[in-house]
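User: I would like a close look at one part of this structure, the surroundings of the ligand, followed by an account of how the rest of the chain is built up around that part. Please take your time over it and keep the description careful.

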Amino acid sequence: MIKLFEPLALRSVILKNRIVVSPMCQYSAEDGFANDWHLVHLGSRAVGGASLIIQEATAVSPEGRISPEDLGIWKDEHVPMLQRINAFIAAQGSVPGVQLAHAGRKASTFRPWSGEGVVAESDGGWPVVGPTDVPFNDNYPVPTALDANGIRKVVDDFRTAAGRALEAGFKVIELHGAHGYLLHQFLSPLSNQRTDEYGGTFENRIRLLLEVVAATREVWPENLPLIVRLSATDWTEGGWNADDTVQLSAMLKVRGVDLIDCSTGGNVPKAPIPVGPGYQVQFAERIKEETGILTGAVGLITTPAEAEAIVASGQADIVLLAREFLREPYFPLFAAQDLGAEVQWPAQYERARPHVHTAAGPR
Ligand SMILES: Cc1cc2nc3c(=O)[nH]c(=O)nc-3n(C[C@H](O)[C@H](O)[C@H](O)COP(=O)(O)O)c2cc1C
């Protein structure tokens, strides 16, 4: 039995296999609006057989965008195009998910191919916020530390965005608590030097994330799953670490979170990250083992054999692939062929399915 192609139930949602499209910014939106690029990009991976497609970091407020071209879900007008995309994804037997995000002090930067560093307000940039008034590095904007009202607005924005996500037809929400963006900035003592109830102790630094989870769960139906992506470690002495992640994951498990998507890094410039095949799988394994919560492994998983080994050995319940899915949108269909699993191809593509030989020529 090929484990990678066994279904997984997350509350009422059934994933048809364990291969998930990891959220990937496309930096191709205008004023937060999805367009044909997003339809084709996400739709292609649904045709390619992914069980769950997590739409890129989607900003809960305009100031929460990484770049001016990020997707957004801060106004009702964003919803109709997302509905259209999600209906297409669902029609392929795939599950549409969304990563809700706020970039905090890493906002208002150029998309990778348009420049480097801060986008000035005169060029469509904006003032950024963070836990503390310390920038990520010299190339990033200096944030204003959020005050109590600002923190309340962040929580409210996530709640409202979750309501819109439901209306848009998403079946899974992933909260972006990783990669040095706002929620991670609060978690890590390296980026959070607050002295109020949102800084200092572990309990204080996790407070914002717990409030966002609770607010999301207020509007996100009981029968739909909630995922949190965490950076399991800052890879830096004195930073957020794997022990913290295990402790937090156990708390999230009893607060309505169904799965931890285990990434790392992003909060400390030039952190020494031992990048290599499956280098983050150890965190998914440890969190699963020590807390019993479902986990996702991500990071340089590029072959069907690697993906199968991770799921079959119980190191993680799902694998998330990013760059491999950009190279090969049909990765799941070919992985099935490679591993010898029977999967359905789209009816329109059936005649191209490998190992199905018929005499039927072109009609
Ligand atoms: C083009 C691109 C955009 C990305 N955007 C996001 C994002 O929006 N949210 C996120 O959590 N991670 C993002 N990532 C990180 C991926 O989701 C993934 O964690 C990382 O690339 C490692 O997986 P891989 O080795 O399979 O690419 C992005 C990665 C790439 C390559």
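Of the 20 residues around the ligand, which come nearest?

Analyst: Since this is a predicted model, what follows describes computed features of that model. The residues that come nearest to the ligand are Ser 22, Met 24, Ala 57, Ala 322 and Arg 323, out of 20 residues around it. In character, the shell divides into 10 nonpolar, 6 polar and 4 charged residues. Strand β4 (52–59) and helix α10 (323–327) each supply at least two residues of this shell.

As for the record, UniProt lists residues 3–338, in an unreviewed entry, as "domain: NADH:flavin oxidoreductase/NADH oxidase N-terminal". Over that stretch the chain is 34% helix and 17% strand, and the C-alpha atoms at its ends are 13 Å apart.

From the ligand one can turn to Tyr 27, which is found in the loop between β3 (19–21) and α1 (36–47). Although Tyr 27 is not a glycine, its phi is positive, at about 45°. Tyr 27 counts as partly exposed because 19 other C-beta atoms lie within 10 Å, whereas a residue is called buried if that number is 20 or more.

The interior is best approached through the largest nonpolar core, which has 93 residues and in which Leu 100, Ile 173 and Val 319 touch the most other members. Helix α3 (residues 148–167) gives the most to this core, contributing 6 residues. As a broader tendency, nonpolar side chains in soluble globular proteins tend to be buried together. For Val 319, once its neighbours within four places in sequence are left aside, the contacts are Arg 18, Ile 19, Val 20, Gly 296, Ala 297, Ile 301, Ala 307, Ile 310 and Val 311.

Leu 300 is found in the loop between β12 (294–298) and α9 (304–312). Leu 300 also has a positive phi, near 50°, in a residue other than glycine. With 16 other C-beta atoms within 10 Å, Leu 300 is partly exposed.

Ile 173, another of the core residues that touch the most other members, leads to strand β9 (residues 172–177), which is mostly covered, with 6 of its 6 residues buried. In a regular strand the side chains alternate between the two faces of the sheet. In β9, Val 172, Glu 174 and His 176 point one way and Ile 173, Leu 175 and Gly 177 the other way, and all of them are buried. Strand β9 pairs in the parallel sense with strand β6 (residues 95–101) over 4 bridges, and within that pairing Val 98 has Ile 173 as its bridge partner in β9.

Strand β9 is also joined by 5 bridges to strand β10 (residues 226–231), and the two run parallel. Here Ile 173 has Leu 226 as its bridge partner in β10, while Glu 174 stands opposite Ile 227 in β10. Strand β10 is itself mostly covered, with 6 of its 6 residues buried. Its faces are both covered, with Leu 226, Val 228 and Leu 230 buried on one side and Ile 227, Arg 229 and Ser 231 buried on the other. A further 5 bridges join β10 to strand β11 (residues 259–263), again running parallel, and Ile 227 stands opposite Leu 259 in β11.

Some loops attached to these strands offer a contrast in burial. Pro 221 has its place in the loop between α6 (207–219) and β10, and this proline is exposed because 11 other C-beta atoms lie within 10 Å, the cut-off for an exposed residue being 12 or fewer. Pro 221 is 159 residues from Pro 62 in sequence, and their C-alpha atoms are 25 Å apart in space.

Trp 126 lies in the loop between β6 and β7 (129–130) and counts as partly exposed, with 16 C-beta neighbours inside 10 Å. Leaving aside its neighbours within four places in sequence, Trp 126 is in contact with Pro 62, Glu 63, Ser 108 and Glu 121. The C-alpha atoms of Trp 126 and Gly 177, a residue pair 51 positions apart along the chain, are separated by 22 Å.

Methods:
Residues numbered from 1 in each chain as written. Predicted model: local features only at pLDDT ≥ 70, side-chain atom pairs only at ≥ 80, totals over all residues. UniProt positions renumbered as here; feature names shortened; annotations may be inferred. Core = buried A, V, L, I, M, F, W, Y, C linked by C-beta atoms within 7 Å. Contact = placed C-beta atoms within 7 Å. Near = placed C-beta within 6 Å. Nonpolar A, V, L, I, M, F, W, Y, C, P; charged D, E, K, R; others polar. Pairing = 2+ DSSP bridges.
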